[in-house]
Amino acid sequence: MTDSSYPPISDQLDDLESAQEEGRRKMEWAAQHMPILEVVREEFVDDQPFEGERIAMAMHVEAKTAILVETLADGGAEVAVTGCNPLSTHDDVSAALDTHDNITCYAKRGVDDEEYYAAIEAVIAHEPTITVDDGMDLVAAIHEDYPELIDGIVGGAEETTTGVHRLRAMDDDGALEYPVFAVNDTPMKRLFDNVHGTGESSLASIAMTTNLSWAGKNVVVAGFGYCGKGVARKAAGQNANVIVTEVEPRRALEAHMEGYEVMPMSEAAEIGDVFLTTTGNRDVVVEEHLEQMGDGVLLANAGHFDIEIDLEALDDLAVDRYEAREGVEAYELADGRRLNVIAEGRLVNLAAPVSLGHPVEVMDQSFGIQAVCVREMLENGDEYGPGVHDVPDELDKEIAEIKLAAEGVAFDSLTDTQREYMGSWDHGT
Ligand code: RBV
């Protein structure tokens with residue numbers, strides 16, 4: 001069976017009480033700016049839809065995520081939660097969450113690989129009926145090591161592009177044995193969280209970590225998916241000269257038509273000042289590129305895993321390595337050039353010491369969808385067979401409507417005649 005010996009955060013911190021207090025303070029600030037989860041939480045408190053359920057979560061444990069975790073717990077679930085990245089956890093928030101009667105939190109910042117997976121196993125030891133992932137680590141661990149639990153699992157939900165990508169690959173292989181909602185792929189997630197969230201928070205984290213300006217810099221954005229689009233747009237908005245690298249012809253063309261320079265990484269490497277990877281793929285910046293880069297460049301990654309920049313190759317090239325600033329590791333090459341890696345090449349908007357993750361407002365939307373997806377899975381789980389499922393459009397619209405109401409934005413509705421017109425095919429000139 002599962003290894004449940006890994007201790008919750010409360011057994012791991014020295015000054016627990018002050019951590020709990022500070023974590024609670026961060027959560028209160030986040031909650032004030034999360035009107036969607038407030039509405040959903042009120043509904044869950046009244047209806048107790050998760051009574052008797054056990055929810056396992058692996059997510060970035062910080063204040064906004066904590067509000068989602070509490071929302072599910074207040075709906076009657078027993079929740080076990082850990083991190084989905086060794087550097088994104090806020091220990092104080094983790095400690096505050098762990099005080100909730102229905103929540104056990106194992107997340108701790110700075111864990112090594114062994115502890116990271118021990119915490120995942122400790123969460124799985126709660127024998128979940130629902131899983132909520134950011135990156136698919138829970139689904140993978142359950143299928144690989146604890147397949148006996150699958151029968152008891154109603155379904156899951158996945159937060160991020162990389163996780164959905166992994167799940168679809170698993171599904172294509174016929175290996176995914178329970179239904180999982182692709183939360184990432186909804187308009188309410190992608191158009192806001194991936195574009196604005198990644199764009200704003202990655203650039204803010206790099207600026208805060210380095211104290212350097214964007215204006216006049218050559219900023220190389222690798223990948224022009226939703227995240228890359230956001231990063232490119234926000235960097236251009238701060239007067240950077242944006243260069244995009246792509247492997248997909250239509251996206252390369254889209255970037256070109258947006259007015260960005262498009263070129264191969266081998267050319268961009270020679271002129272870039274800042275390199276920001278957003279592809280979700282590995283080996284995007286490799287030795288041949290590193291060899292071309294100028295003194296003082298910044299290297300950062302905004303993709304889920306730390307595989308986009310080949311840090312091993314960089315380490316091999318370097319004759320010296322030192323912490324240039326908190327969150328910045330300088331690699332000095334034989335000819336004296338210094339290449340600066342931010343946050344160990346891990347997703348920069350969450351993993352740098354000053355990083356706070358995406359802005360609160362966008363996470364309210366993403367987590368609002370997560371919350372109603374968990375509700376949907378429990379209410380109508382029978383309708384979803386094993387595999388990856390699109391989130392029903394009605395749920396996405398439900399979240400958009402709550403947000404619009406909270407913002408005081410009114411919008412139109414179709415008249416009956418318009419609805420009929422849009423649904424008919426027998427009208428022409
Ligand atoms: N993300 N979470 C945060 N809790 O602060 N910030 C970003 C947070 C999520 C985001 O939805 C993205 O899809 C995922 O992290 C990447 O791991």
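Which residue of β6 does Ala157 stand opposite? The points below take up that pairing and then the rest of the model, which is a predicted one.

1. **The β5–β6 pair.** Ala157 stands opposite Phe181 in β6, and the two strands concerned, β5 (residues 155–158) and β6 (residues 179–182), run parallel and are joined by 3 bridges. From β6, Pro179 and Phe181 point one way while Val180 and Ala182 point the other way, and all of these residues are buried. In a regular strand the side chains alternate between the two faces of the sheet. Val180 can also be placed in a nonpolar core, since the second, separate core of the model, with 32 residues, includes it together with Ala80, Leu149 and Ile153.

2. **The largest nonpolar core.** This core has 53 residues, and those with the most contacts inside it are Ile55, Met57, Leu72, Val79 and Leu97. The element that gives the most to this core is helix α15 (residues 360–380), with 10 residues. Met57 is worth inspecting in the viewer: leaving aside neighbours within four places in sequence, Met57 is in contact with Leu68, Val69, Leu72, Val79, Ala80, Val81, Thr82, Val123, Val132 and Leu138.

3. **The open sheet.** The order of the 8 strands in this open sheet is β9-β8-β7-β10-β11-β14-β13-β12, and the pairing is mixed. At the edges stand β9 (261–262) and β12 (318–325), and because each has a single partner strand, one side of each is left without a neighbour in the sheet. Strand β13 (residues 328–333) and β14 run antiparallel and are joined by 5 bridges, with Ala330 standing opposite Asn340 in β14.

4. **The loop after β14.** The loop between β14 (338–342) and α14 (348–351) holds Ala343, and Glu344 and Arg346 are found there as well. Ala343 has a positive phi, near 55°, although the residue is not a glycine, and for Glu344, likewise a residue other than glycine, phi is positive and near 55°. Are Ala343 and Glu344 buried or exposed, or partly exposed? Ala343 counts as buried because its relative accessibility is 4%, whereas Glu344, with a relative accessible area of 48%, is partly exposed.

5. **Arg346 in the same loop.** Arg346 lies in the loop between β14 and α14, and with a relative accessible area of 19% this arginine is buried, the cut-off being under 20%. Not counting residues up to four places away in sequence, Arg346 touches Asn85, Pro86, Leu87, Asn301, Asp306 and Ala351.

6. **Helix α8.** The 24 residues of α8 (residues 187–210) should span 34 Å at 1.5 Å a residue, and the end C-alpha atoms are 33 Å apart, so the two values agree. A reader tracing the axis will nevertheless find a kink of about 30° in α8, centred on Asp193. The helix is followed by Asn211, whose phi is positive and near 60°.

7. **Helix α9 and what covers it.** For the 12 residues of α9 (residues 226–237), the expected span at 1.5 Å a residue is 16 Å, which agrees with the 17 Å between the end C-alpha atoms. The buried residues in α9 are Cys227, Gly228, Lys229, Gly230, Val231, Ala232, Lys234 and Ala235; two lysines, Lys229 and Lys234, are thus among them. What covers these buried residues includes α8, β7 (218–222), β8 (241–245), α10 (249–257) and β10 (274–277). Asn239, which follows α9, has a positive phi near 70°.

8. **Cysteines.** How many disulfides does the count come to? The count is 0, where a disulfide would need a pair of cysteine sulfur atoms within 2.5 Å. For Cys105, the closest cysteine sulfur is that of Cys84, 12 Å away, which is too far for a bond; Cys105 is buried, with a relative accessible area of 0%. For Cys227, the closest cysteine sulfur is again in Cys84, at 14 Å, and this too is too far for a bond. Cys227 counts as buried at 17% relative accessibility.

Terms used
Residues are numbered from 1 along each chain as its sequence is written. This is a predicted model: local features need pLDDT of at least 70, side-chain atom pairs count only at pLDDT 80 or more; totals for chains, interfaces and linings use all residues. Side-chain values use heavy atoms; hydrogens and water are left out. A nonpolar core is a set of buried Ala, Val, Leu, Ile, Met, Phe, Trp, Tyr and Cys residues joined through side-chain atoms within 4.5 Å. Buried means under 20% relative accessible area, exposed over 50%, partly exposed in between (1.4 Å probe, protein chains only). Helices (H or I, at least four residues) and strands (E, at least two) are DSSP runs, numbered from the N terminus. Contact means heavy atoms within 4.5 Å. The expected span of a helix is 1.5 Å times one less than its number of residues. The bend at a residue is the angle between axes fitted to the seven residues ending there and the seven starting there. Two strands pair if DSSP finds at least two bridges between them.
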